[in-house]
Amino acid sequence: MQEKKYTPLSEISGGNAEKPSKLRIAIQKSGRLYDDSVKLLNECGIELRNVKDRLKTESDTFPMEVFFLRDDDIPQYVEDGVADIGIVGENVLFEKNKKAEIVEKLGFGKCRLSLAIPRSETYQGVQSLDGKRIATSYPFLVNEFLKKNNISGEVHEISGSVEIAPGIGLADVVVDLVSSGSTLFMNGLKEVETILQSQSVLIKNNKLNKEQEILLDKLLFRIKAVKKAKRNKYVLMNAPNEKLSEIIALLPGMRSPTVLPLAEGGWSSVHSVLSEDEFWEKIEQLKAAGAEGILVVPIEKMVM
């Protein structure tokens, strides 16, 4: 198996050991988290220049320097303090077992680390794994899972294409990262156990100075405003005045709904915010209560 190359610290930091006046963040240089990480920074008002094929860049709109790294390397750079913070999947963070603190779950890149067996077999529970050969790219997490369940297994570390291992006789079962499960299905496998639920997280070095903590708080304020907006919708509707009390009772809003009189007598315009989780149910209730002309508008930022 080819050894993974760890980018020298001097190439990233420029050999400067002093703490900069900017917040240094490490994000994935390519792969499933790259686009969402850059998009999140942009939504937070952090514009990046010359991101294509760059090892690092800076923002003109926020005191931030961005390092583009292999996702497997990000926890190490954050632990070492070369990067102050980083965006990485929980699966990578826990597998690398580095000293970096999770400060915010970001909600994208959701997946799960699952145990899968051939579809022709019947799963008899975790104890049936005893003595089995297990192929995975996550040996640390798998060994921790085996220890927790007092199981003895033979773990084979594979850097890619884990799902083919049972078919070529390398392993009896696999533990792999799963999003939709289609890759496992196409290789004759089925999920039987979830070891870890994962999503992207913002992590930080445990030795940030006061200035860096202030910058991090500002970044977190922006991130939370963006996340909150994505989970809510702004709604406007026309309501007959005799139904206002019933309609308002359905709309808690951020504090309470906004009610404005319409030019047509006997009617009001009601403005509020609905959670994505209860959106359709509330819309049906509002229509049943007499609301008309309901408009739904996405929210870009939501500051509480």
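Trainee: Let's start with the strands. Over how many bridges do β1 and strand β4 pair?

Mentor: Keep in mind that this is a predicted model. Strand β4 covers residues 85-89, and β1 pairs with β4 in the parallel sense. Within that pairing, A26 stands opposite G86 in β4. The number of bridges between β1 and β4 is 2.

Trainee: And which residue in β3 does R24 stand opposite?

Mentor: Look at the pairing of β1 with strand β3, residues 64-69. Those strands run in the parallel sense and pair over 6 bridges. The residue in β3 opposite R24 is E65.

Trainee: Is strand β1 largely enclosed or largely open?

Mentor: Go through residues 23-28, which make up β1. Of its 6 residues, 6 are buried, so the rest of the structure leaves β1 largely enclosed.

Trainee: Now for the rings. How many aromatic pairs does a search of the whole structure find, and what is the pair of Y34 and F68 called?

Mentor: The search turns up 2 aromatic pairs. For Y34 and F68, the ring centres are 6.3 Å apart and the planes meet at 55°. An angle over 60 would count as edge-to-face and one under 30 as stacked, so the pair of Y34 and F68 is tilted.

Trainee: How many residues apart in sequence are the parts that this pair ties together?

Mentor: Y34 belongs to helix α2, residues 34-43, while F68 is in strand β3. Both Y34 and F68 are buried, too. Because one ring is in the helix and the other in the strand, the pair ties together parts whose separation in sequence is 34 residues.

Trainee: What about F279 and W280: which of them is buried and which is exposed?

Mentor: Their rings form an edge-to-face pair, 4.9 Å centre to centre with 80° between the planes. The cut-offs are under 20% for buried and over 50% for exposed. W280 has 61% relative accessibility, so W280 counts as exposed. F279 has 6%, so the buried one is F279.

Trainee: Which ring does the charged end of R119 sit over?

Mentor: Here a charge, rather than a second ring, faces the aromatic side chain. The distance from the charged end of R119 to the ring centre is 4.3 Å. The ring belongs to F185.

Trainee: Last one: is T57 buried or exposed?

Mentor: T57 is found in strand β2, residues 56-58. Beyond its neighbours within four places in sequence, T57 is in contact with several residues, including L48, V51, E65 and F68. Its relative accessibility is 4%, so T57 counts as buried.

Conventions
Residues numbered from 1 in each chain as written. Predicted model: local features only at pLDDT ≥ 70, side-chain atom pairs only at ≥ 80, totals over all residues. Heavy atoms only, no water. Buried < 20%, exposed > 50% of the residue type's maximum accessible area, 1.4 Å probe, protein only. Helix = DSSP H or I, 4+ residues; strand = E, 2+ residues; numbered from the N terminus. Pairing = 2+ DSSP bridges. Phe/Tyr/Trp six-rings, centres within 6.5 Å; stacked < 30°, edge-to-face > 60°. Lys NZ or Arg CZ within 6 Å of the ring centre and 35° of its normal. Contact = heavy atoms within 4.5 Å.
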